[in-house]
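Grab a pencil and work through these exercises with the model open beside you. Try each task before you read its solution.

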Amino acid sequence: MFKILKKSKKDRARLGKICTNHGDFQTPIFMPPGTQASVKAIGPDDLSKIGVEILLVNTLHLALQPGENLIYDLGGIHSFMNWSGPILSDSGGFQAWSFGQNRTKSGKNMAKIREDGIEFSSPIDGTKHFITPEKSIEIQHKLGVDIIMAFDECSPDNDDKEYAKKSMNRTHKWALRSLKKHQELSKQYQNQDKKPPLIFGIIQGGIFEDLRKESTKFITSLDFDGIALGGETIGYNMPRTLEILDYLQDLLPENKPRYTMGLGSSAQDIIEVVKRGVDMFDCVAPTRTARHGSLYTAQGNIRISNSQFKKDIQPIEENCDCYTCQNFSRAYLNHLYSVKEPLYLRLASIHNLRFMMRLIHKLRNEI
Ligand SMILES: [Zn+2]
């Protein structure tokens, strides 16, 4: 499952390996989100060439459309999207909360959190749905992914302490229910070639040190294969994320992979958490910013729409080995972006994702 191959002598970084039903991958690892069973604008052949080792899919999006039963009937998520490597799914807790957030201008979240689950409206047609820990685990098993997440309530930063505590306790109850359902469903794998997916628990507790510590003690006491840090603040407010990692470091078990959810909007963010012993992260930023014209380089992001690139025959980055930099100039990308050609989306996404994977390899080599 998880093995530490090497530990850094200068900080808490670790080089590790995770074994799954669809192959092994090394950590630290960046996981590009493929929300709708697709990493926007790029196919599995590109992803393999970029060196992507594991993808993330969003449970609620796929449950709403095309539905987990259809994916199950068609042989599971791997054959459906033709990706043979490992896949991790989120639990839907954050997405249910986020759908509620998107639907209101007042700042009030429209998702209804109940003791037994979350009621939310579909962003597709407004229909009401109710998701419980059991339902989330069942959907994730049906998708056939390699790593599943316990169902949790994402703790927003503006919660008062009383609510944050109530929410954390609910997440703990949901963690127990998720684990119970997972163990029940895992029995069906007994006569199959493949093993049940790995399951990760999620630490919540908002921005409060005592609650974060309490949540860490509780979640790490359960039989999870990996430990994730969740909540609005993680990856979104980096100074606070680092503070949380610093005071939790002695409470996190050495022998389990650690995952900061939604973190990775810049190279520096990843460098900082790897130093603090984090093994896994995911973020939509590299592909999203690429689509919006911002391309990563070691000297900072460049805006490809800038007129200075109109006649620039250099690649995005001189020493980049990606397909885009090996074959196309900044001038051509500037043109594709200006005329809104779909090819731009693919070429830009390839470069930014390769940038992230090169960073990951560099960090692994330095451990
Ligand atoms: Zn490149």
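**Exercise 1: Empty space inside**

Asn 21, His 22, Gln 140, His 141, Gly 144, Val 145, Asp 146, Tyr 189, Lys 194, Lys 195 and Pro 197 form the lining of the largest cavity. Find out how much space lies in the largest cavity.

Before the solution, some ground rules: this is a predicted model, where local features need pLDDT of at least 70, side-chain atom pairs count only at pLDDT 80 or more, and totals for chains, interfaces and linings use all residues. Residues are numbered from 1 along each chain as its sequence is written, and side-chain values use heavy atoms, with hydrogens and water left out.

Solution.
- Step 1: On a 1 Å grid over the protein atoms alone, a cavity is a set of points where a 1.4 Å probe fits but cannot get out, while a pocket is an open set with protein on both sides within 12 Å along at least five of seven lines; lining residues have an atom within 4 Å of a point.
- Step 2: Grid points are joined across faces, edges and corners, and the volume is the space filled by probe spheres set on the points.
- Step 3: Searching the whole structure turns up two cavities of 30 Å³ or more.
- Step 4: The largest cavity holds about 50 Å³ of space.

**Exercise 2: The open pocket**

Which helix gives the most to the lining of the largest pocket?

Solution.
- Step 1: The largest pocket has a volume of about 1100 Å³.
- Step 2: Its lining has 42 residues, and Phe 94, Gln 95, Gly 262, Val 284 and Arg 288 are the ones nearest the centre.
- Step 3: At least two lining residues come from each of α5 (93-102) and α11 (285-291). Helices here are DSSP runs (H or I, at least four residues), as are strands (E, at least two), numbered from the N terminus.
- Step 4: The top contributor is α5, with eight residues.

**Exercise 3: Rings in pairs**

Work out what kind of aromatic pair Tyr 296 and Phe 355 make.

Solution.
- Step 1: Rings of Phe, Tyr and Trp (its six-membered ring) pair if their centres lie within 6.5 Å; planes under 30 degrees apart are stacked, over 60 edge-to-face, and the rest tilted.
- Step 2: There are five aromatic pairs in the structure. In this one, the ring centres are 5.4 Å apart and the planes are at 70°, so the pair is edge-to-face.
- Step 3: Now look along the chain: Tyr 296 is in the loop between β15 (294-295) and β16 (302-303), and Phe 355 is in helix α14 (residues 342-366), 59 residues apart.
- Step 4: Both Tyr 296 and Phe 355 are buried (buried is under 20% relative accessible area, exposed over 50%, partly exposed in between, with a 1.4 Å probe and protein chains only).
- Step 5: For another case, take Phe 328 and Tyr 332, a stacked pair at 5.5 Å centre to centre with 20° between the planes. Tyr 332 is partly exposed, with a relative accessible area of 31%.

**Exercise 4: Cysteines**

How many disulfides does a search of the whole structure find?

Solution.
- Step 1: A disulfide is a pair of cysteine sulfur atoms within 2.5 Å.
- Step 2: The search finds zero disulfides.
- Step 3: Check Cys 154: its nearest cysteine sulfur belongs to Cys 283 and is 14 Å away.
- Step 4: Cys 154 counts as buried, at 3% relative accessibility, whereas Cys 19 counts as partly exposed, at 30%.
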